[in-house]
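Trainee: Before I plan anything around this protein, could you take me through its model, one region at a time?

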Amino acid sequence: MKHPLIDNQSIHYIEKGQGAPIIFIHGVGLDLNIWSNQVQALSSEYRVICYDMLGHGKSACPPGPYTLEQFVKQLDELFSNLSLSQAHLVGFSMGGLVAQAYAIRYPEKVCSLTIMSSVAKRSEGQRQGVLARVKEVEKQGHKATITAAIQRWFNKPFMEKHPEVVAQIQQRLENNQPNAYLSAYRVFATADEELYEQLAQIQCPTLIVTGELDQGSTSEMAELMAKQIPHSEVVIFPGIKHMLPIEAAESLNQLLLSQLEKYNKKEMTK
């Protein structure tokens with residue numbers, strides 16, 4: 001489905017199920033399809049909504065540069081067009097940064113926040129690493145970093161067992177609009193720095209999850225976020241790299257269902 005946005009832009013989304021709404025936000029270079037396991041598992045109890053971020057998938061790809069505020073604005077337009085007064089937010093990687101920023105900007109609209117495989121307060125070395133990848137994309141094009149990304153994101157045994165899943169992710173990355181991808185990647189490379197000092201403003205219950213072996217979204221970053229966000233807890237998935245929603249789907253879905261039930265019970269007792 002598509003909804004008109006301001007400036008005649010459009011947003012592509014899917015939704016399934018009924019109940020309390022949950023909005024899933026994907027990572028840079030990906031699209032709403034990474035959430036297929038979560039849609040299937042959660043839509044029997046919740047209204048599950050997934051959308052393509054600005055510059056991704058079937059949503060609008062306006063000329064760059066992009067800002068984090070544009071991604072927040074896009075998400076708020078989705079809230080408005082779907083007549084949502086509140087929702088649970090689940091953000092993966094760059095989507096985690098968008099979700100953080102949204103929870104800071106619109107605290108009254110976020111029931112709970114799940115920050116998944118995302119980043120915070122990169123060290124100088126980590127910052128230089130991601131900026132080096134930005135430069136590589138600038139010089140060689142958006143396909144230059146795909147092979148290395150796949151290796152960072154998935155464990156080898158999973159790749160060998162599910163080559164079709166990995167091929168779908170690779171195809172998605174290859175199909176990105178080059179300028180839109182680069183514009184989004186620049187936001188991803190720098191937004192954690194502007195957000196970190198504001199994290200204490202997040203007041204909703206927050207779950208922070210990442211993979212033990214994730215090199216870019218480390219368990220140390222998860223703990224740093226938890227120290228800043230008042231009502232938060234951390235879960236680290238052992239033996240998992242970056243692609244939590246896919247490689248650890250079953251365990252992740254059980255965790256999300258458990259947490260959402262807990263959050264909803266707290267709401268009912270208020």
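Mentor: The model is a predicted one, and the questions below go from a strand to the cores, then to a helix and a loop residue.

Trainee: Is strand S5 mostly covered or not, and how many of its residues are buried?

Mentor: In general, the side chains of a regular strand alternate between the two faces of the sheet. In S5, Ala87, Leu89 and Gly91 point one way while His88, Val90 and Phe92 point the other way, and all are buried. Strand S5, residues 87-92, is therefore mostly covered, and the number of its residues that are buried under the 20% cut-off is six of six.

Trainee: Which strands pair with S5, and what is the hand of the crossover from S5 to S6?

Mentor: Strand S3, residues 21-25, runs parallel to S5 and is joined to S5 by four bridges, with Ile25 standing opposite Gly91. Strand S6, residues 110-116, also runs parallel to S5, through six bridges, and Leu113 in S6 is the bridge partner of Leu89. Between S5 and S6 the chain passes through helix H3, residues 94-105, in a β-α-β crossover that is right-handed.

Trainee: Which helix gives the most residues to the largest nonpolar core?

Mentor: That core has 57 residues, and those touching the most other members are Ile23, Tyr51, Phe71, Leu75, Leu78, Leu89 and Leu113. The helix that gives the most to this core, with 11 residues, is H8.

Trainee: Apart from the largest core, how many residues does the other core hold?

Mentor: The other core lies apart from the largest one, and Val90, Val166, Leu252 and Leu255 are among its members. Its number of residues is 38.

Trainee: Within what arc do the buried residues of H5 fall?

Mentor: The buried residues of H5 are Ile146, Ala149, Ile150 and Trp153. Seen down the helix axis, they line one face of H5, because they fall within an arc of 100°. These buried residues pack against H6, H7 and H10, and the arc asked for is 100°.

Trainee: Is Asn155 buried or exposed, and which side chain does its own side chain join in a polar contact?

Mentor: Asn155 is found in the loop between helix H5 and helix H6, and it counts as buried because its relative accessibility is 13%, where buried means under 20%. Not counting residues up to four places away in sequence, Asn155 touches Leu213, Gly239, Ile240, Lys241 and Glu247. The polar contact of 2.9 Å joins the side chain of Asn155 to that of Glu247.

How values were computed:
Residues are numbered from 1 along each chain as its sequence is written. This is a predicted model: local features need pLDDT of at least 70, side-chain atom pairs count only at pLDDT 80 or more; totals for chains, interfaces and linings use all residues. Side-chain values use heavy atoms; hydrogens and water are left out. Helices (H or I, at least four residues) and strands (E, at least two) are DSSP runs, numbered from the N terminus. Buried means under 20% relative accessible area, exposed over 50%, partly exposed in between (1.4 Å probe, protein chains only). A polar contact is a pair of N or O atoms within 3.5 Å; within protein, one must be able to donate a hydrogen and the other to accept it, and residues adjacent in sequence count only if both atoms are side-chain atoms. Contact means heavy atoms within 4.5 Å. Two strands pair if DSSP finds at least two bridges between them. A crossover is right-handed if, with the strands pointing away from the viewer, the path from the first strand over the helix to the second runs clockwise. The arc is that of the directions from the helix axis to the C-beta atoms. A nonpolar core is a set of buried Ala, Val, Leu, Ile, Met, Phe, Trp, Tyr and Cys residues joined through side-chain atoms within 4.5 Å.
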